[in-house]
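User: Please take a close look at a single part of this structure and describe how that part is built into its surroundings. I would like one connected account rather than a list.

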Amino acid sequence: MSIESLTYAELAGRLGSSPEAARSLARRLRLPRKPGNDGKVRITIDLDEIQYKPLPARSPGGQRADIDGLNARIARLQAELASFEVEKLCLEASAAGHRADFERERERCDTLMAETSCLTKVAMSAREKAARLEGAMCAREVRPWWRRFVAAGDKRRPASAAQTASVRGRGPAETELAYLRVPGVPVRI
């Protein structure tokens, strides 16, 4: 058990590592440090207690194999990227075609909606007219039977009673009563 006082450079030489690695090891193990007379930091350490084994240095040939593998992977990724770019361009062209179809269908739908609105107005007008005519028919059917004949006579009525009397040779009073006659019912004057 020999305790020694070493600088970072001396410790690095004993351990076979760099002075930075020795400084990091001293911090990690919390070894006592004191400034020396020469201005350098000295570390008090027992080398038998430390079980420090530096990592073996990598050979440059091993790194080259990694670099070649990475370059090959980069080349594959760039090829995939190029194929994805082509696929993207195809999808954009397809999307543009679909957008044109969509716009065309939207215009067609707008036209059809306008036509539908116009036809709905026409249909509503026709329904209103049909309802009005149906109401008029119901009103005619509801009238008493004898009013139907009077109304029918009104349509055939001449412009004035004097004209009728002159044509048939009757007087105005007889002409007025003629329109009130119902077939099969005698009228007294």
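Analyst: What follows is a close look at helix 1 and at the parts of the chain around helix 1.

The model is a predicted one, and the values below are computed from its atoms. The protein chain has six helices and three strands, and from the N terminus on these elements run in the order β-α-α-β-β-α-α-α-α. Of its 189 residues, 10% count as buried. Among contacts in the chain with a separation of 6 or more, 47% join residues that are 24 or more positions apart.

Helix 1 spans residues 8-15, and within this stretch Tyr8, Leu11, Ala12 and Leu15 are buried. These four residues lie on the same side of helix 1, because the arc that they cover around the axis is only 100°. Ala9 and Gly13, by contrast, are exposed on the other side of helix 1. The cover over the buried residues includes strand 1 (3-7), helix 2 (19-29), strand 2 (33-35) and strand 3 (41-46). Just after the end of helix 1 comes glycine 16, whose phi is positive, at about 80°.

The strands that take part in this cover belong to an open sheet of three strands, which has the order 1-3-2 and antiparallel pairing. Strand 1 and strand 2 are the edge strands, each of them pairing on one side only, and from one strand to the next the twist averages 35°. Helix 1 packs on this sheet and touches strand 1, strand 2 and strand 3, while its direction makes about 115° with the direction of strand 1. Within the sheet, strand 1 and strand 3 are paired in the antiparallel sense over five bridges. Strands of a sheet pair in general through backbone hydrogen bonds, in either a parallel or an antiparallel manner.

One residue of strand 1 deserves its own description here, namely threonine 7. Threonine 7 stands opposite arginine 42 in strand 3, and if neighbours within four places in sequence are left aside, threonine 7 is in contact with Lys40, Val41 and Arg42. Its relative accessible area is 8%, so threonine 7 counts as buried.

The buried residues of helix 1 can next be placed in the wider nonpolar interior. The largest nonpolar core is made up of twelve residues, namely Leu6, Tyr8, Leu11, Ala12, Leu15, Ala22, Leu25, Ala26, Leu31, Ile43, Ile45 and Ile50. Helix 1, helix 2 and strand 3 are the elements that give two or more residues to this core, and helix 1 gives the most, with four residues. In soluble globular proteins, nonpolar side chains tend to be buried together. Isoleucine 45, one of the core residues, shows how several parts of the chain meet: apart from its neighbours within four places in sequence, isoleucine 45 is in contact with Ser2, Ile3, Glu4, Leu6, Leu11, Leu31 and Ile50.

Helix 1 is also joined to its surroundings through charged side chains. A search of the whole structure finds six salt bridges, and in one of them arginine 14 pairs with glutamate 4, with 2.7 Å between the closest N and O atoms. Since arginine 14 lies in helix 1 and glutamate 4 in strand 1, this pair ties together parts that are ten residues apart in sequence. Arginine 14 has a relative accessibility of 48% and therefore counts as partly exposed, and glutamate 4, at 22%, counts as partly exposed too.

Helix 2, which is among the elements that cover the buried residues of helix 1, holds a salt bridge of its own, in which the side chains of arginine 23 and glutamate 20 meet at 2.7 Å, N to O. Because arginine 23 and glutamate 20 are three residues apart in helix 2, about one helical turn separates them. Arginine 23 is partly exposed, with a relative accessible area of 25%, whereas glutamate 20 is exposed, at 54%.

To return to the part that was asked about, helix 1 has Tyr8, Leu11, Ala12 and Leu15 buried, packs on the sheet by touching strand 1, strand 2 and strand 3, and is linked to strand 1 through the pair formed by arginine 14 and glutamate 4.

Methods
Residues are numbered from 1 along each chain as its sequence is written. This is a predicted model: local features need pLDDT of at least 70, side-chain atom pairs count only at pLDDT 80 or more; totals for chains, interfaces and linings use all residues. Side-chain values use heavy atoms; hydrogens and water are left out. Buried means under 20% relative accessible area, exposed over 50%, partly exposed in between (1.4 Å probe, protein chains only). The arc is that of the directions from the helix axis to the C-beta atoms. Contact means heavy atoms within 4.5 Å. A nonpolar core is a set of buried Ala, Val, Leu, Ile, Met, Phe, Trp, Tyr and Cys residues joined through side-chain atoms within 4.5 Å. A salt bridge is a side-chain nitrogen of Lys or Arg within 4 Å of a carboxyl oxygen of Asp or Glu. Two strands pair if DSSP finds at least two bridges between them. Axes are lines fitted to C-alpha atoms, for helices over the stretch in contact, and angles run from 0 to 180 degrees between N-to-C directions.
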